[in-house]
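Reader: I've got a model open and would like to talk through how its pieces pack. Can you take me round?

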Amino acid sequence: MRAIVTGSAAGIGRATALKLHHDARQRGDKTQLMLVDLQADKLESVAKELRDEGAEVETFGGDLTDVSVPGRVVEATVKAFGGIDALISNAGVIKNGSLMDIEVEDYELAFNINTRATWLLVKAARPHLAEAKGAIVATGSISGFHPTPPLGAYSASKAALIMMVRQLAVELGPEGIRCNAVSPGSTHTAMTDARYSQPELAAEAAKKNPLHMIGQPEHQAAAIAFLAGPEAAYITGENILVDGGMQNMLMPASAMGDPWKR
Ligand SMILES: NC(=O)c1ccc[n+]([C@@H]2O[C@H](COP(=O)([O-])OP(=O)(O)OC[C@H]3O[C@@H](n4cnc5c(N)ncnc54)[C@H](O)[C@@H]3O)[C@@H](O)[C@H]2O)c1
């Protein structure tokens, strides 16, 4: 599998790159990965980890909010591997702030990385994905479904991304390109470490879902790799919420009190 994985210097992106490689190896396929991230140094250590396991890996250190970068990423991938089978658009940022408190630059950052970068990557990769009958998987968020104070711009940008995935599925399906999303709930990565590395806060957050767990990057990676792979050949325009069931907690959390108290 020839895949681009953005935001792969850490967290869900790193775990996805590893999972894609492990799945491809199991199928007897080779893995050729273009890892993309702002954090070029960290990217190199993930690349080494994967090369040590036998994957062929190139890296692209760059800022995906720069409109020239997505096209250059695609160009570098095609030059290195001759095509693209999967585009995993996963890079994202959280910046706290309610919609009433943030400034234009906060709004733009959220939409430019969480939403626009996916669109530009897809636009550039389209002919190559069409040739390979390939797949796109974008990382959404449970915040794209439920307003999440104080993540005003983040929630709105992820909701836009989730609709963009459905729109792309319809536009690109006739070319044989599938497009899906995976929307994480609470997952312990660098993005959430300040909260989940504190046992009390982690335990409190875990109680917000029926499994009483905090997700790990590998939980997200499993869903992303599934949607990117051949077993999902008939799935497009879908979103898998990987949230420990948290989306089902609205009534228990509000009107009904503690659902586990009998
Ligand atoms: N961790 C969670 O609880 C959670 C929940 C919902 C959604 N998500 C989403 O999952 C995705 C992965 O996040 P994560 O949790 O692994 O966090 P993370 O911070 O470990 O990974 C995000 C990566 O994206 C990179 N990145 C950020 N801005 C970039 C830019 N402009 N150009 C290139 N790279 C950039 C970062 O350097 C980082 O390596 C994000 O889209 C995030 O919004 C995470």
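Author: Happy to, and bear in mind that this is a predicted model. Let's start with a loop residue: His212 is partly exposed, with 13 other C-beta atoms within 10 Å.

Reader: Where does His212 sit, and what is its phi?

Author: His212 belongs to the loop between α7 (199-206) and α8. It isn't a glycine, yet its phi is positive, near 55 degrees.

Reader: And Lys133: is it buried, partly exposed or exposed?

Author: Lys133 is in the loop that runs between α4 and β5, and its phi is also a positive value, near 55 degrees. Its C-beta has 13 others within 10 Å; a buried residue needs 20 or more and an exposed one has 12 or fewer. That makes Lys133 partly exposed.

Reader: Which peptide bond is cis?

Author: Look in the loop between β5 (135-139) and α5 (152-172), where you'll find Pro150. Omega is near 0 degrees for the bond leading into that residue, so to speak the cis one: Pro149 to Pro150.

Reader: On to the helices. How are α1 and α8 oriented to each other?

Author: Helix α1 covers residues 11-27 and helix α8 covers 217-228, and their axes come within 8 Å. The axes cross at roughly 50 degrees. That angle is over 35 and under 65 degrees, so the two helices are oblique.

Reader: What is the handedness of that crossing, and how do the contact residues divide by type?

Author: The crossing of α1 and α8 is right-handed. On the α1 side the contact includes Ile12, Ala15 and Leu20, while α8 brings residues including Pro217, Ile224 and Ala228. By type, the residues of this contact come to nine nonpolar, three polar and four charged.

Reader: Which residues does Ala228 touch beyond four places in sequence?

Author: Ala228 is one of the residues touching the most other members in the largest nonpolar core, along with Leu33, Leu87, Ile136 and Val137. That core has 61 residues. Leaving out residues up to four places away in sequence, Ala228 touches Ala3, Leu20, Ala86, Ile88, Ala135 and Val137.

Reader: Which helix gives the largest share of that core?

Author: The largest share is eight residues. They come from the helix spanning residues 104-132, α4.

Reader: How many residues are in the other core?

Author: This other core lies apart from the largest one. Among its members are Ala110, Leu151, Tyr154 and Ala156. Its count is six residues.

Reader: Back to α1 for a moment. Is Gly13 buried or exposed?

Author: Gly13 is part of helix α1, and its contacts beyond four places in sequence are Val5, Thr6, Gly7, Ser8, Asn90 and Ala91. There are 29 C-beta neighbours inside 10 Å, and 20 would be enough, so Gly13 counts as buried.

Reader: How far apart in space are Gly13 and Ala156?

Author: Along the sequence, 143 residues separate Gly13 and Ala156. From C-alpha to C-alpha, the distance is 22 Å.

Reader: One last residue, Val165: which residues does it touch, setting aside those up to four places away in sequence?

Author: Val165 is in helix α5 and is buried, with 26 other C-beta atoms within 10 Å. Thr139 is 26 residues away along the chain, and the two C-alpha atoms are 9.9 Å apart. With residues up to four places away in sequence set aside, Val165 touches Ala138, Cys179, Asn180, Ala181 and Asn239.

Note on methods
Residues are numbered from 1 along each chain as its sequence is written. This is a predicted model: local features need pLDDT of at least 70, side-chain atom pairs count only at pLDDT 80 or more; totals for chains, interfaces and linings use all residues. Axes are lines fitted to C-alpha atoms, for helices over the stretch in contact, and angles run from 0 to 180 degrees between N-to-C directions. Helices (H or I, at least four residues) and strands (E, at least two) are DSSP runs, numbered from the N terminus. Angles under 35 degrees count as roughly parallel, over 145 as roughly antiparallel, 65 to 115 as roughly perpendicular and the rest as oblique. A crossing is left-handed if the near helix is turned anticlockwise from the far one by less than a right angle, and right-handed if clockwise. Two residues are in contact if their C-beta atoms, placed from the backbone, lie within 7 Å. Ala, Val, Leu, Ile, Met, Phe, Trp, Tyr, Cys and Pro count as nonpolar, Asp, Glu, Lys and Arg as charged, and the others, Gly among them, as polar. A nonpolar core is a set of buried Ala, Val, Leu, Ile, Met, Phe, Trp, Tyr and Cys residues joined through C-beta atoms within 7 Å.
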